[in-house]
Each structure stands twice: as C-alpha cells, then as structure tokens.
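Visitor: Could you go through a structure with me? I'll ask short questions and jump around.

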Amino acid sequence: MQIKRLVIIPARSGSKRIKNKNFKLFNKKPIISYSISTALKSKIFDTIVVSTDNKKYLNFLNKYKIDISLRSKKLSNDSTTIEMVLRSIISEYKKLGKSFDEIWCLAPCSPLIKKEDLIKASNLIKKNNKKIV
C-alpha cells in the first residue's frame, strides 16, 4: 500500500524578532529554500505546501514544484498556532477531494535537516506502524 504524505512548511512573515526571517539569506540562499529542497530531495512526499502570508515571495516559491497556500489575515497574527495553520491547509485539500495518510510539518528555518533525516523518520513511523494524528 502506497502511503500518501503531505508536508506543510509554515512560513509566516510577521516575526517580531527577525522580520521575514524565513526568507533571510543563509549562505547566500533564502533559509526556507533548504527546507523545501530537503523535502523535494527526500522523494517521500506526495505534496509539499508552503503556507505564507506574504505575496512578495510568490515568485521565489513558484520556482519549486510545490503548492503554495496564501494565508488569510486571520491566520497570520501572533496568536495563530501551527495547529490552526495545519488544520486550515488540511481543510483546503479536503475541499479539493484530496486526503493523506500522513501529515508532516517541517520548520522553514531548518537548514541542517537532511533528506536522510526525513527518510529515517518515515521508516521509523512505518516500522512502528503508528498513526500520528
């Protein structure tokens, strides 16, 4: 049985300490590009989606073969939780008739995560045959 996996990369632009931190350059590349590239290279996800509230980064994000979810203002403030963002995106996909066996969340500021890390995590979940809800 083929497992269908969705990975959501939440990338809000309204950080208080470092404005637009997800798109700041790290080693000459926007920091979010590392998370996106790692998810793509792992080849374990059927769908990769970046959730952002900043239209200014759409051209950059469109370079990748990923989905982009523009957040509403309601989901872009300081009191918005990651869970609220994840539930919103899952709801969007359900409306499109898409469902997934696994929903993953990958931080946009994770330049040190490697594809092997994601593959190992996937294998551990499979080995333990546990559903994470």
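Visitor: Why is Cys-105 not bonded to Cys-109?
Guide: Because the two sulfurs are too far apart: that of Cys-109 is the closest cysteine sulfur to Cys-105, and it is 12 Å away. A disulfide here is a pair of cysteine sulfur atoms within 2.5 Å. Cys-109 is in no disulfide either, with the sulfur of Cys-105 as its nearest at 12 Å.

Visitor: How many disulfides in total?
Guide: Zero by this rule.

Visitor: What am I looking at, and how are things counted?
Guide: This is a predicted model, in which local features need pLDDT of at least 70 and side-chain atom pairs count only at pLDDT 80 or more, while totals for chains, interfaces and linings use all residues. Residues are numbered from 1 along each chain as its sequence is written, and side-chain values use heavy atoms, with hydrogens and water left out.

Visitor: Back to the cysteines. How exposed is Cys-105?
Guide: Partly exposed, at 41% relative accessibility. The bands are under 20% relative accessible area for buried, over 50% for exposed and partly exposed in between, with a 1.4 Å probe and protein chains only. Cys-109 is also partly exposed, at 32%.

Visitor: Which face of strand S6 has Cys-105?
Guide: The uncovered face, with Ile-103; Glu-102 and Trp-104 make up the covered face of S6, residues 102-105. In a regular strand, side chains alternate between the two faces of the sheet. Strands (E, at least two residues) and helices (H or I, at least four) are DSSP runs, numbered from the N terminus.

Visitor: How does S6 pair with S1?
Guide: In the parallel sense, over four bridges. Pairing requires at least two bridges found by DSSP between the strands. Glu-102 in S6 is the bridge partner of Arg-5.

Visitor: New topic. Where is Gly-14?
Guide: In the loop between strand S1 (5-11) and strand S2 (25-26). Gly-14 is partly exposed, at 22% relative accessibility.

Visitor: What does Gly-14 touch beyond its sequence neighbours?
Guide: Not counting residues up to four places away, Gly-14 touches Asp-53 and Asp-78, contact meaning heavy atoms within 4.5 Å. Ser-79 is 65 residues from Gly-14 in sequence, and their C-alpha atoms are 11 Å apart.

Visitor: And Asn-54, buried or exposed?
Guide: Buried, with 14% relative accessible area. Asn-54 lies in the loop between strand S4 (47-52) and helix H2 (58-61).

Visitor: Which residues is Asn-54 in contact with?
Guide: Leaving aside neighbours within four places in sequence, Ser-13, Asn-20 and Leu-70.
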